[in-house]
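Dear colleague,

I am handing over the structure we spoke about, and I would be glad if you could look through it slowly before reading my notes.

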Amino acid sequence: MLPRDPAQPHRAASTLELFFDLVFVVAVSIASAQLHHALSHGDFVHGITSYAMVFFALWWAWMNFTWFATSFDTDDWLYRVTTIVQMGGVLVFASGIPAAFEHGDFTVPVIGYIVMRIAMVAQWLRASRGAGELRSATRRYAFGIAAVQVLWILFLLIPAGAAQLVAFVVFAVIEVSVPVFAEYRRQTPWHPHHITERYGLFTLIVLGESLLASANAIIDASHELESFVPLISISVLTLAVTASLWWIYFWPPHHRAITTFGRSLRYGYTHYVVFAAAAAFSAGIEVELDVLTGESHLSNVVASYTVTIPIAIFLLGIWWIAIRENADRVVNTAIPIGAVVVLLDPILPIPVAITALVLIAIVVVLVLHPPVDKTS
């Protein structure tokens with residue numbers, strides 16, 4: 001298991017990595033559905049905090065696998081088997097998400113998470129055997145990940161409530177500090193194009209949840225004739241918004257954002273809010289559908305905020321880490337202003353339509369102002 005060449009030509013995601021992503025489609029869908037139900041019933045604080053905790057675990061496990069794969073992927077039988085074990089951990093984790101939301105019971109998610117992480121420890125220990133000058137870094141990864149799992153076991157002993165949330169934040173900070181601890185002397189190699197392709201693929205997963213919400217609007221319209229026109233309108237506008245978010249995300253050359261270790265940390269860690277916001281957007285669309293069909297008693301303004309807040313966060317997040325350094329003044333003005341207008345959208349007439357128009361306008365600006373290379 002030798003370190004991969006970070007300059008390897010035509011490096012692309014493997015079929016194993018694509019297979020690995022499938023279990024995250026399931027887990028993200030369940031997390032998004034649970035957030036939808038919580039928001040629809042007005043349980044905002046508990047729903048959002050539970051979602052943030054669950055999504056952190058999914059994002060962090062996926063990200064760790066992705067960065068390890070870019071450095072040490074061998075695609076031999078043992079690597080494949082270990083990866084499949086990690087996939088099993090994701091499915092166990094996913095099965096416990098409803099209990100985490102409804103009762104604050106994280107027992108099953110923690111068990112699934114530990115399965116994922118212990119398999120990752122095994123990968124790092126195996127890599128250490130042939131890592132050469134990177135051996136100390138790989139062993140620090142293995143030690144750091146294993147040590148944090150002890151904290152997550154202790155997490156199960158903390159009753160649901162404020163203390164549990166504080167403990168989660170503390171343990172999560174320790175968890176995300178492991179790469180800094182492991183690579184502070186010498187960094188493992190990463191392939192910029194491979195890494196950014198992997199992030200792009202996960203973005204497609206979370207945006208796909210919104211397309212599902214669009215399809216659900218059409219299904220609801222076939223049963224709710226009184227709300228047929230609004231539901232179909234929501235479906236069309238959701239497609240327009242999702243397509244715009246896709247266009248905006250893939251506009252900049254992402255590989256320029258991870259040229260150094262510090263920049264790669266910023267890129268990787270900020271993607272937590274980008275991914276979480278994209279998946280939360282689909283939950284917001286489902287809340288809008290519940291309001292239209294009478295299944296939720298939220299006001300139109302509150303329901304609209306469940307859509308516009310995630311969109312604004314997504315815009316600002318991707319602008320901060322990938323767009324602003326590759327854009328001219330027009331683009332760097334249009335996107336932040338667009339995010340603010342989207343946030344104001346719920347208090348304006350026909351809010352979802354205005355959001356779609358704002359995003360389409362941003363896309364037009366991007367088409368007229370292609371990325372610029374400020375490093376040359």
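The notes below go through the spaces inside the structure, then a pair of helices, then two single residues.

Please keep in mind that this is a predicted model, in which local features need pLDDT of at least 70 and side-chain atom pairs count only at pLDDT 80 or more, while totals for chains, interfaces and linings use all residues. Residues are numbered from 1 along each chain as its sequence is written, and side-chain values use heavy atoms, with hydrogens and water left out.

I begin with the open space. The largest pocket (on a 1 Å grid over the protein atoms alone, an open set of points with protein on both sides within 12 Å along at least five of seven lines) has a volume of about 380 Å³, a volume being the space filled by probe spheres set on the points, which are joined across faces, edges and corners. It is lined by 17 residues, of which I48, A280, I309, P310 and I313 are the closest to its centre; a lining residue has an atom within 4 Å of a point. Helix 1 (15-40), helix 2 (44-72), helix 10 (261-292) and helix 11 (300-323) each supply at least two residues of this lining, and helix 11 gives the most, with six. Helices here are DSSP runs (H or I, at least four residues), numbered from the N terminus. By class, the pocket lining has 16 nonpolar residues, one polar and no charged, where Ala, Val, Leu, Ile, Met, Phe, Trp, Tyr, Cys and Pro count as nonpolar, Asp, Glu, Lys and Arg as charged, and the others, Gly among them, as polar.

A search of the whole structure also finds three cavities of 30 Å³ or more, a cavity being a set of points where a 1.4 Å probe fits but cannot get out. The largest cavity holds about 240 Å³ of space, and among its 20 lining residues W67, Y141, P179, E183 and L265 are the closest to its centre. Helix 2 provides the largest share of that lining, seven residues, and the lining as a whole divides into 13 nonpolar, six polar and one charged. The second largest cavity has a volume of about 130 Å³, and helix 2 gives the most to its lining as well, with four residues; this lining has twelve nonpolar residues, no polar and no charged.

Next comes the pair of helices. The axes of helix 9 (residues 228-249) and helix 10 come within 10 Å and cross at roughly 170°, which makes the two helices roughly antiparallel, a term for angles over 145 degrees. Axes are lines fitted to C-alpha atoms over the stretch in contact, and angles run from 0 to 180 degrees between N-to-C directions. Contact means heavy atoms within 4.5 Å, and the residues of this contact divide into twelve nonpolar, three polar and no charged.

Finally, here are the two residues. T308, in helix 11, is buried (under 20% relative accessible area, with a 1.4 Å probe and protein chains only), its own value being 2%. Leaving aside neighbours within four places in sequence, T308 is in contact with V342, L343, D345, P346 and T355. R139, found in helix 6 (residues 135-155), is partly exposed, at 48%, a class that lies between buried and exposed, the latter being over 50%. R139 and M1 are 138 residues apart in sequence and 14 Å apart in space, C-alpha to C-alpha.

With best wishes

Definitions and conventions
Angles under 35 degrees count as roughly parallel, over 145 as roughly antiparallel, 65 to 115 as roughly perpendicular and the rest as oblique.
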